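User: I would like to go through how the parts of this model meet, one question at a time.
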Amino acid sequence: FSVLQVRLVMKAHSFVRENVPRVLSSVKDKSSTVPIPRISQYLYFLFAPTLIYRDSYPRNPTIRWGYVATKFAQVLGSLFYAYYIFVRLCIPQFPNSSQEAFNLRGLVLCIFNSILPGVLIFFLVFFAFLHCWLNAFAEMLRFADRMFYK
């Protein structure tokens, strides 16, 4: 599974978990209307930065396009910085490794010298995606409750 597939499976689970009990209770009560969510509600949920389905979320009245541009610029800056770290600190650790005979000492040294740059790239990617990318999309969708999980 990729990260996107895991996210979509989690969202589908939340959607089913929230809606099936409502539908079953209305069928059990023999109600005339069955509370089925609209397609627009489901599509908004797919793109909103949340894993908990609700029929409606708090919304901002306007979109702050400057904030969106700042977040996308931070994503771009994070990716360029991660590329710089990778090229300057990771790639030089493995020169001609395919042409040399296997050397356990050399492999261990390369791995240990790549740990810190790898962790930095890991943090940059998490910052770029989890903070910048998701906040930019939350702003474009006017998702108002940034403290939703509290």
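User: How many residues of domain 1 are in contact with residues of domain 2?
Analyst: This is a predicted model, in which local features need pLDDT of at least 70 and side-chain atom pairs count only at pLDDT 80 or more, while totals for chains, interfaces and linings use all residues. Residues are numbered from 1 along each chain as its sequence is written, and side-chain values use heavy atoms, with hydrogens and water left out. The domain assignment, which is automatic or from a database, gives domain 1 (1-57) and domain 2 (58-149). With contact taken as heavy atoms within 4.5 Å, domain 2 contributes nine residues, and the number from domain 1 is nine.

User: Which three residues supply 65% of the area that domain 1 buries against domain 2?
Analyst: Buried area is the accessible area (1.4 Å probe) that two parts lose on being put together, summed over both. Between the two domains about 920 Å² is buried, 74% of it on carbon and sulfur atoms. On the side of domain 1, the three residues that supply more than any other three are Tyr 44, Pro 49 and Tyr 57.

User: Where does the largest nonpolar core lie?
Analyst: A nonpolar core is a set of buried (under 20% relative accessible area, 1.4 Å probe, protein chains only) Ala, Val, Leu, Ile, Met, Phe, Trp, Tyr and Cys residues joined through side-chain atoms within 4.5 Å. The largest has nine residues, among them Phe 15, Tyr 44, Tyr 57, Leu 141 and Phe 143. Because domain 1 and domain 2 both give residues to this core, its place is between them.

Note on methods. Buried means under 20% relative accessible area, exposed over 50%, partly exposed in between (1.4 Å probe, protein chains only).
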